[in-house]
Amino acid sequence: MRLPRSFSGWTMWVFGVLAFALGLLGLISPGTLLVMLGFEVLDVRPAGDYTLVYMAASSMAAVNMGVYYVFAAAADYTPFFRWTVPFRLVTFTVFTTLVVTGAAPAEFFGVGLWEGLGAVITGIALWREGKLLPSRQVADA
């Protein structure tokens, strides 16, 4: 597999590797990830508590997302890089709102910060490379 060829590609690659690693951690040791996020880990889960199922599903999604980001970085697929910036900012907003309203513990803000800061760094990299906006060239008829 190729390494990224641009700074924006490297931002995507780093985000992808981290997502993949944290997703694996959540699959292997969901309790560890719950502690990192500031959630209480119960020794015994009551009937109807699907926390571990949700952890497995979201961790698997993180593994997949990590792979997508690494492959996009290897291909230097800048349209994908651009698409992630606004959606990662939305994720930052939603996750931060969960913390601010008390629906999530303060440690969960780290997830939002990771998304928001990553989006801003990727956006700045794309801007510096002249790739933030798609080409406005008109195709020859």
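# A tour of a five-helix model

Of the 141 residues in this protein, 32% count as buried. The model is predicted.

**Stop 1: the whole chain.** Show the cartoon. You should find five helices and zero strands. Along the sequence the pattern reads α-α-α-α-α. Align the view to the principal axes: the C-alpha atoms fill a box of roughly 65 × 35 × 25 Å. Now turn on contacts between residues at least 6 apart in sequence; 69% of them join residues at least 24 apart.

**Stop 2: the surface.** Switch to the accessible surface. The total is about 8800 Å², and 71% of that belongs to carbon and sulfur atoms. Next, colour by charge. There are 8 positive and 8 negative side chains. The centres of the two sets lie 15 Å apart.

**Stop 3: the nonpolar patch.** Select Leu3, Phe7, Trp10, Val14, Leu18, Leu22, Met36, Phe109, Leu113, Leu117 and Ile121. Together these residues make a nonpolar surface patch of about 950 Å². Which helices each supply at least two residues of the patch? They are α1 (7–28) and α5 (109–128). The largest share, five residues, comes from α1.

Centre on Leu117, which sits in helix α5. Is Leu117 buried, partly exposed or exposed? The relative accessible area of Leu117 is 48%, so this residue counts as partly exposed.

**Stop 4: a bridge between two helices.** How many salt bridges does the structure hold? The count is four. Side chains of opposite charge can pair when their charged atoms come close.

Select Glu115 and Arg88. Their side chains meet in a salt bridge, at 3.6 Å from N to O. Glu115 lies in helix α5 and Arg88 in helix α4, so the pair ties together parts that are 27 residues apart in sequence. Check the exposure of both: Glu115 is buried, and Arg88 is buried too.

**Stop 5: Lys131 and its partners.** Move to Lys131 and show Asp76 with it. The two form a salt bridge, and their closest N and O atoms are 3.7 Å apart. Why does this pair tie together parts that are 55 residues apart in sequence? Because Lys131 lies in the segment after α5, while Asp76 lies in the loop between α3 (51–74) and α4 (78–100).

Add Glu129 to the selection. Lys131 forms a salt bridge with Glu129 as well, with the closest N and O atoms 3.9 Å apart. Salt bridges that share partners thus join Asp76, Glu129 and Lys131 into one network. Colour by accessibility here. Lys131 has 24% relative accessibility and counts as partly exposed. Glu129, at 26%, is partly exposed.

**Stop 6: Ser6, beside the network.** Keep the view and select Ser6, in the segment before α1. Is Ser6 buried or exposed? Ser6 has a relative accessible area of 10%, so it counts as buried.

Now list the contacts of Ser6, leaving aside neighbours within four places in sequence. Ser6 is in contact with Asp76, Phe81, Glu129 and Lys131. Among these, Asp76, Glu129 and Lys131 are the residues joined by salt bridges into one network. Finish with a distance label from Ser6 to Glu129. Along the chain they are 123 residues apart. Their C-alpha atoms are separated by 8.3 Å.

Notes: Residues are numbered from 1 along each chain as its sequence is written. This is a predicted model: local features need pLDDT of at least 70, side-chain atom pairs count only at pLDDT 80 or more; totals for chains, interfaces and linings use all residues. Side-chain values use heavy atoms; hydrogens and water are left out. Helices (H or I, at least four residues) and strands (E, at least two) are DSSP runs, numbered from the N terminus. Buried means under 20% relative accessible area, exposed over 50%, partly exposed in between (1.4 Å probe, protein chains only). Contact means heavy atoms within 4.5 Å. Accessible areas come from the Shrake-Rupley method with a 1.4 Å probe; for residues, only the protein chains shown count as cover. Lys and Arg count as positive and Asp and Glu as negative; His and the chain ends are not counted. The place of a charge is taken as NZ of Lys, CZ of Arg, CG of Asp or CD of Glu. Patches are made of residues with over 30% relative accessible area and no salt bridge: like charges are joined within 9 Å, nonpolar side chains (Val, Leu, Ile, Met, Phe, Trp, Tyr) within 5 Å.
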